[in-house]
Amino acid sequence: MYNLKFKIYWLVCGMIVLLFCSGLMLLPTEWFFVNDGMTSIPFLDKAVHCAVFFSLVIWFSGQLRSLLVIFFFISIYGFLIEGAQHLISYRDSDWMDIFANEVGVLLGIIISSSKNSGWSRVFEDKFLIKK
């Protein structure tokens with residue numbers, strides 16, 4: 001973990017982000033997507049999966065140094081969410097969702113390794129800590 005002044009706040013915010021994402025992934029899809037056939041966009045669900053997991057990696061790369069640890073835990077989280085969707089009658093578990101999750105994770109790792117890793121430390125220095 002980076003040397004952060006507000007570690008506990010970042011941890012709490014991270015847990016809130018995970019709970020929010022879990023809620024989005026486990027709620028009925030009809031709440032988010034119209035299923036009338038006319039307005040559906042192909043692969044929109046997969047793009048949402050990819051974007052959510054990309055965002056999770058970017059978020060946690062701000063607090064954790066090891067991108068390998070982030071990759072491992074966010075990937076496990078994705079498998080657990082898909083497993084939970086399999087157990088819920090109004091959701092479907094899909095291998096393509098897992099693939100989209102992993103694409104998002106890998107894109108997040110690539111971006112984090114090049115520019116954004118440790119962004120929360122920069123945020124603290126610029127906005128939260130008065131010098």
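**Core, cysteines and a surface patch**

Q: Is Asn101 buried or exposed?
A: Asn101 has a relative accessible area of 1%. Buried means under 20%, exposed over 50% and partly exposed in between, with a 1.4 Å probe and protein chains only. Asn101 is therefore buried.

Q: Which residues is Asn101 in contact with, leaving aside its neighbours within four places in sequence?
A: This is a predicted model, in which local features need pLDDT of at least 70 and side-chain atom pairs count only at pLDDT 80 or more, while totals for chains, interfaces and linings use all residues. Residues are numbered from 1 along each chain as its sequence is written, and side-chain values use heavy atoms, with hydrogens and water left out. Contact means heavy atoms within 4.5 Å. With those sequence neighbours set aside, Asn101 touches His49, Phe53, Gly78 and Glu82.

Q: Which helix supplies the largest share of the largest nonpolar core?
A: A nonpolar core is a set of buried Ala, Val, Leu, Ile, Met, Phe, Trp, Tyr and Cys residues joined through side-chain atoms within 4.5 Å; the largest one has 19 residues, and Phe53, Leu56, Phe60, Ile70, Ile74 and Tyr77 touch the most other members. H1, H2 (44-61), H3 (67-87) and H4 (95-116) each give this core at least two residues. Helices are DSSP runs of H or I with at least four residues, and strands are E runs of at least two, numbered from the N terminus. The largest share, six residues, comes from H2.

Q: How many disulfides does a search of the whole structure find?
A: A disulfide is a pair of cysteine sulfur atoms within 2.5 Å. Cys21 is in none, as its nearest cysteine sulfur, that of Cys13, is 13 Å away. The sulfur of Cys50 is 13 Å from its closest partner, in Cys21, so the two are too far apart for a bond. Across the whole structure, the number of disulfides found is zero.

Q: About how much accessible area does the nonpolar patch with Ile8 and Tyr9 have together?
A: Patches are made of residues with over 30% relative accessible area and no salt bridge (a side-chain nitrogen of Lys or Arg within 4 Å of a carboxyl oxygen of Asp or Glu), joining like charges within 9 Å and nonpolar side chains (Val, Leu, Ile, Met, Phe, Trp, Tyr) within 5 Å. Leu11 in H1 (residues 7-26) is partly exposed at 44%, and Val12 is partly exposed at 42%. Accessible areas come from the Shrake-Rupley method with a 1.4 Å probe, and for residues only the protein chains shown count as cover. Ile8, Tyr9, Leu11, Val12, Met15 and Ile16 together have about 610 Å².
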